[in-house]
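Hi,

Here is the structure I promised to pass on to you. Please have a look at it first, and then read on for what turned up in it.

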Amino acid sequence: MTPPPAAAARLDSIPMPMPEKKQETRRAPARVDHPFKGIALILLSTVFLGCSDITAKYLSTSLPSIEITWIRFLTFALMFTPVMLPSSPLYAMRTERLGLHVMRGAALLGSSLFFITGLGFLPIAEASATGFVAPLFVTALSILFLGEKVGMRRWFATALGLIGVLIILRPGTGAFHLAAFFPVVSAACWAGTLILTRMMSGREAVVTTMAYSSLAGLAILTAIVPFVWVTPSWTAIALGIFIGVASTAGQWIVVLAYRYGDASVLAPFSYSQLLWVSILGFFIFGEVPSLWTVVGAAFIVASGLYIAHRERVRRAQLLVLEERSPNA
């Protein structure tokens, strides 16, 4: 349902357009290095995202996953209504990349839908830990779609993360459940979302990207939700709205957090989401993470942290090259 904060931070790679000096001045303070502020925001975001996931799992017992996701995207779209109205001073829907926006919305929809579907069958800790493999898929997809070069160190980290997934899923054993693939597919869809975000990097504002994603996902879901519709109670509607508000707020807080610190500093704190969902899962559903889930999650977290570190090193190297360039 909700992407890992460390991965979600790449939304911040889409800078706001700066046609005027005034707008550039507003952006400058957000780029100041305040790691403690970034850490506080990351921790806050994991509370929102964890509560959203727990609520989605609870709601999955009474409503189809498609309907839950529809309510989530409807709330998502309503929250961005101010930037969709042409008469609004916040209007931000002008774009020349409608196709990429639609694909991004579809990928984001897939990420949410598959994750919520998995929550109906799996313990929350297991589904969440598996969902943290999104950065591994980004590493592979960035070669195909962005032409990036990936060194042996990052490939080793990716392999380590995949070993963690196998430890959690344990294919070939009696503990294996086919539904375990849903969080994996969800992570792959989120990786596709991030790749499309990078393809629009520097050309689209964050609010524009998120608004179009909400509309694209809502349009697709509206076409199919009548086939699975179950009339929700007022309580279910309220919980669905909460999911939409919490997940959208959590993702936006992540974007803000990564304006105050590097991924290598903030990423370790983003994995505290696993702690929150495990605690809530125990008290609400009586679920206790298995030893296999804990060990597999440790492999995935270690892999994600190292990939975040290598991303930081790569960016630092690119900055040095730009400074040395005579055309800089």
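A word on helix names before anything else: helices here are DSSP runs of H or I with at least four residues, numbered from the N terminus. With that in hand, you can place Ser 62 in the loop between H3 and helix H4, which covers 65-79. Please keep in mind that this is a predicted model.

**The chain as a whole**

The protein chain has 15 helices and zero strands. It counts 328 residues, and 51% of them are buried. If you take the contacts between residues at least 6 apart in sequence, 89% of these join residues at least 24 apart.

**Back to Ser 62**

Is Ser 62 buried, exposed or partly exposed? Its relative accessible area is 44%, so Ser 62 is partly exposed, since that class lies between the 20% limit for buried and the 50% limit for exposed. Ser 62 also has a partner from elsewhere in the sequence: Ala 236 is 174 residues away along the chain, yet the two C-alpha atoms are separated by 8.1 Å.

**H3 with H6**

The helix before that loop, H3 (residues 35-59), packs with helix H6 (residues 98-119) at an angle of about 60 degrees, and their axes are 8 Å apart. Angles from 65 to 115 degrees would count as roughly perpendicular and those under 35 as roughly parallel, so H3 and H6 are oblique to each other. H3 passes H6 in a right-handed crossing. On the H3 side you will find Asp 53, Ala 56 and Lys 57, and they meet Phe 115, Ile 116 and Leu 119 of H6. Sorted by class, this contact has four nonpolar and two charged residues, with no polar ones.

**H7 and its partner H14**

Helix H7 is worth a look on your screen. How many of its eight residues are buried? The count is eight of eight, so H7 is mostly covered. The buried residues are Ile 124, Ala 125, Glu 126, Ala 127, Ser 128, Ala 129, Thr 130 and Gly 131.

H7 (residues 124-131) comes within 8 Å of helix H14 (residues 272-285), axis to axis, and the two cross at roughly 165 degrees. Since angles over 145 degrees count as roughly antiparallel, H7 and H14 are described that way. Their crossing is right-handed. From H7, Ile 124, Ala 125, Ser 128 and Ala 129 meet Leu 274, Val 277, Ser 278 and Gly 281 from H14. That contact includes five nonpolar and three polar residues, but no charged ones.

One residue of H7 to pick out is Ala 127. Its relative accessibility is 0%, so Ala 127 counts as buried. Setting aside residues up to four places away in sequence, Ala 127 touches Phe 115, Leu 119, Leu 122 and Pro 183. Phe 115 and Leu 119 will be familiar as H6 residues that meet H3. Ala 127 and Val 184 are 57 residues apart in sequence, while their C-alpha atoms are 8.6 Å apart in space.

**H8 with H10**

Val 184 leads on to the next pair. Helix H8 (residues 134-146) and helix H10 (residues 181-199) have axes 8 Å apart and pack at an angle of about 45 degrees. That angle makes H8 oblique to H10. The crossing is right-handed. H8 brings Ala 134, Phe 137, Val 138, Leu 141, Ser 142, Phe 145 and Leu 146 to the contact, while the H10 side includes Val 184, Trp 190, Arg 198 and Met 199. In all, the contact has 14 nonpolar residues, two polar and one charged.

**Two more residues to click on**

Thr 293 belongs to helix H15 (residues 291-324). With a relative accessible area of 5%, Thr 293 is buried. Its side chain makes a polar contact of 3.0 Å with the side chain of Ser 290. Beyond its neighbours within four places in sequence, Thr 293 is in contact with Ala 125, Glu 126 and Ile 168. Ala 125 and Glu 126 are among the buried residues of H7.

Pro 268 sits in helix H13 (residues 263-270). Its relative accessibility is 39%, so Pro 268 counts as partly exposed. From C-alpha to C-alpha, Pro 268 is 8.1 Å from Val 301, although their positions lie 33 residues apart in sequence numbering.

Best wishes

Definitions and conventions. Residues are numbered from 1 along each chain as its sequence is written. This is a predicted model: local features need pLDDT of at least 70, side-chain atom pairs count only at pLDDT 80 or more; totals for chains, interfaces and linings use all residues. Side-chain values use heavy atoms; hydrogens and water are left out. Buried means under 20% relative accessible area, exposed over 50%, partly exposed in between (1.4 Å probe, protein chains only). A polar contact is a pair of N or O atoms within 3.5 Å; within protein, one must be able to donate a hydrogen and the other to accept it, and residues adjacent in sequence count only if both atoms are side-chain atoms. Contact means heavy atoms within 4.5 Å. Axes are lines fitted to C-alpha atoms, for helices over the stretch in contact, and angles run from 0 to 180 degrees between N-to-C directions. A crossing is left-handed if the near helix is turned anticlockwise from the far one by less than a right angle, and right-handed if clockwise. Ala, Val, Leu, Ile, Met, Phe, Trp, Tyr, Cys and Pro count as nonpolar, Asp, Glu, Lys and Arg as charged, and the others, Gly among them, as polar.
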